[in-house]
Amino acid sequence: MASDSNEGGSASRFEELPMRIGLGQFMDPTEKRLRYVKQLGVEDILLNMYQYDPDYEHMPDDERMPLEGDGEWSVENLIALRERIEDAGIRLNAIENVPISFYEDVMLGGPNRDEQLEKLKRTIRHIGEAGIPIFGYHWAPAGVWRTGSTAVRGGASVSAFDADELDASLTHDREYTEAELWENYEHFLREVIPVAEEVGVDLCLHPSDPPMERLGGVPQLFRNFENFKRAMDLVPSENHKLDLCLGCWSQMGENLPEVIRYFGERDEIGYVHFRDVEGTVPAFHETFVDEGNYDEYELLCALDEVGFDGMMIPDHTPHLEDDTDWEHRGRAYTVGYLRGMLRARRAETRGE
C-alpha cells in the first residue's frame, strides 16, 4: 500500500472519500497503536506533533517517531512516517502542529522570524511532497491552558478552566497587542499559502483554547466567529481552511449550526475535532460527547448537509476507569458514538 512518491498531489487520494471517523492526538504510530486504530474500525488518522517527548529518542528504531530536525522536518522522514501508517492499512490525513518553538518568532515577530518562516515553508513543502494532504496549525504562542480537573459521569476525569484561577504572570517577554498578532498572522499567510497551493496542502487553523481575549499577556486571536471570518478573508485561498474544533467553538458560546453552515458552504472546513464542554468562557469543563452544550447529532447532520467530506476525530476525551494517558477507553467510547451517529444519518438520508 505504501508508495515512495506523491502521485497526483497530496489530496488526490482523499478526494472521493466520504465524511468519516478518524483518530488523532498522538505522535507515536507504533504497530500496537495502529492495530488498535484498526480494531475500532478506523482507517484515517492525524498525528499531533505539538510536543516532542525526549523518551522517543530511546525507543526502538522500528517504533520511534521518524521526525527530527532543527526547526523543520525532511521529506524523507515524512515519507517514512506515511509509509509506516499505510503499511498498517491506514491513511495519514494530516500532520497537526509543529512544536511552538518552530515558529514562535513568526507568531510574535521575534528576531528569528524570517529564518523560522523559511524553515516552516520548507516543512509545508515537504508535507505535500510526502503525500500528506493537511497541515493543521494554531496561532497561540501561549499554548493551551487549563486550570485543573473535575469529575463528570461516573467519576470520569476531565480537564477544566476557570479564569478566576489564572496566574497573571506573562508567558513571554512583554505584553503583545492584538494589532501585532494580526499583522504577524497576515504576513505568515502571505508567505505560506503560495507554498501550500503549489504542493496541494490544505492549511487548517485551530481555535484559541481557551478562547479568552488574552492569556499570559498574549492576545488569543481565534476566539470568536468574527475573527475567524476575518482570518479566512485575509488571503483568500482554496487551500486555507479550518480545523473545526467543536469543543473550542462550544467554549465560545457561538451558534454552532450557523458556524458550520457559514464555513461549510464555502468549503472552508478541513477536518473536525468532535468534542464538547459544559459551560463557556470564562469557566467550563470538558465532558462526554453526549453531555455537553450542543446537540451532537444536529451538528453531524449540519456537516453532512453542507457537503463536508473530511475526517472527524475524537479530540480530548474523559479519562475512564483504568484508562491510559491517551485515553484509549475514552476514545473508544467516542469513536463508537460517532460511528453510530454517522450510521443513523446514512440510514436517514437513504430514506429521504
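**Gly307, just after helix H9, takes a positive phi of about 85 degrees.** The view is taken from a predicted model and shows helix H9, which spans residues 296-305. At the start of the helix, a side-chain oxygen of Asp295 comes to within 3.1 Å of the backbone nitrogen of Tyr297. Seven of the 10 residues of H9 are buried, so the helix is largely enclosed by the rest of the structure. The buried set consists of Glu296, Leu299, Leu300, Cys301, Ala302, Leu303 and Asp304. These buried residues pack against strands E10 (240-245), E11 (269-274) and E14 (311-314). They also pack against helices H7 (246-252), H8 (256-264) and H10 (328-350).

**Eight strands with parallel pairing form an open sheet in the predicted model.** The strand order is E1-E14-E11-E10-E7-E4-E3-E2. Strand E1 (20-21) and strand E2 (44-48) stand at the edges, and each has a single partner strand, so one side of each is left without a neighbour in the sheet. Within the sheet, strand E7 (residues 202-205) runs parallel to E10, and three bridges join the two. Leu205 has Leu242 in E10 as its bridge partner.

**Edge strand E2 is joined to strand E3 (residues 91-96) by five bridges.** The two strands run parallel, and Leu47 has Ile95 in E3 as its bridge partner. Five of the five residues of E2 are buried, and the strand is thus mostly covered. Asp44, Leu46 and Asn48 point one way from E2, whereas Ile45 and Leu47 point the other way. Residues on both faces of the strand are buried.

**Met232 of helix H6 (residues 225-234) is shown with its surroundings.** With a relative accessible area of 4%, Met232 is buried, because the cut-off for a buried residue is under 20%. Beyond its neighbours within four places in sequence, Met232 is in contact with Leu205, His240, Lys241, Leu242, Phe263 and Glu268. Two of these contact residues, Leu205 and Leu242, are bridge partners, and they belong to the parallel pair E7 and E10. Along the chain, Met232 and Leu242 are 10 residues apart, and their C-alpha atoms are separated by 8.6 Å.

**Strands E5 (residues 148-151) and E6 (residues 157-162) form a hairpin.** Their pairing is antiparallel and extends over four bridges. Gly148 stands opposite Ala160 of E6. Five residues lie between the two strands, and Gly154 in the turn has a positive phi of about 70 degrees.

**Two loops of the predicted model each contain a cis peptide bond that precedes a proline.** Most peptide bonds are trans. The bond that joins Asp209 and Pro210 is cis, with omega about 5 degrees. Pro210 is found in the loop between E7 and strand E8 (214-215). The bond from Val281 to Pro282 is likewise cis, with omega near 20 degrees. Pro282 is placed in the loop between strand E12 (276-280) and strand E13 (283-287).

**Asp267 and Asp322 each have a positive phi without being glycine.** Most residues other than glycine have a negative phi. Phi is near 55 degrees for Asp267, a residue of the loop between H8 and E11. For Asp322 the value is about 60 degrees, and Asp322 lies in the loop between E14 and H10. Asp322 is exposed, with a relative accessible area of 62%, because the cut-off for an exposed residue is over 50%.

**The predicted model holds one cavity of 30 Å³ or more.** Rolling a probe the size of a water molecule over the atoms shows where empty space is left. About 50 Å³ of space lies in the largest cavity. The lining of this cavity consists of Phe274, Arg275, Asp276, Thr287, Phe288, Val289, His316, Thr317, Pro318 and Thr334. By class, four of the lining residues are nonpolar, four are polar and two are charged.

Conventions. Residues numbered from 1 in each chain as written. Predicted model: local features only at pLDDT ≥ 70, side-chain atom pairs only at ≥ 80, totals over all residues. Heavy atoms only, no water. Buried < 20%, exposed > 50% of the residue type's maximum accessible area, 1.4 Å probe, protein only. Contact = heavy atoms within 4.5 Å. Polar contact = N/O pair within 3.5 Å; in protein donor to acceptor, adjacent residues only side chain to side chain. 1 Å grid on protein atoms, 1.4 Å probe; cavity = no way out; pocket = protein on both sides within 12 Å on 5 of 7 lines; lining within 4 Å. Points joined across faces, edges and corners; volume = space filled by probe spheres on them. Nonpolar A, V, L, I, M, F, W, Y, C, P; charged D, E, K, R; others polar. Pairing = 2+ DSSP bridges.
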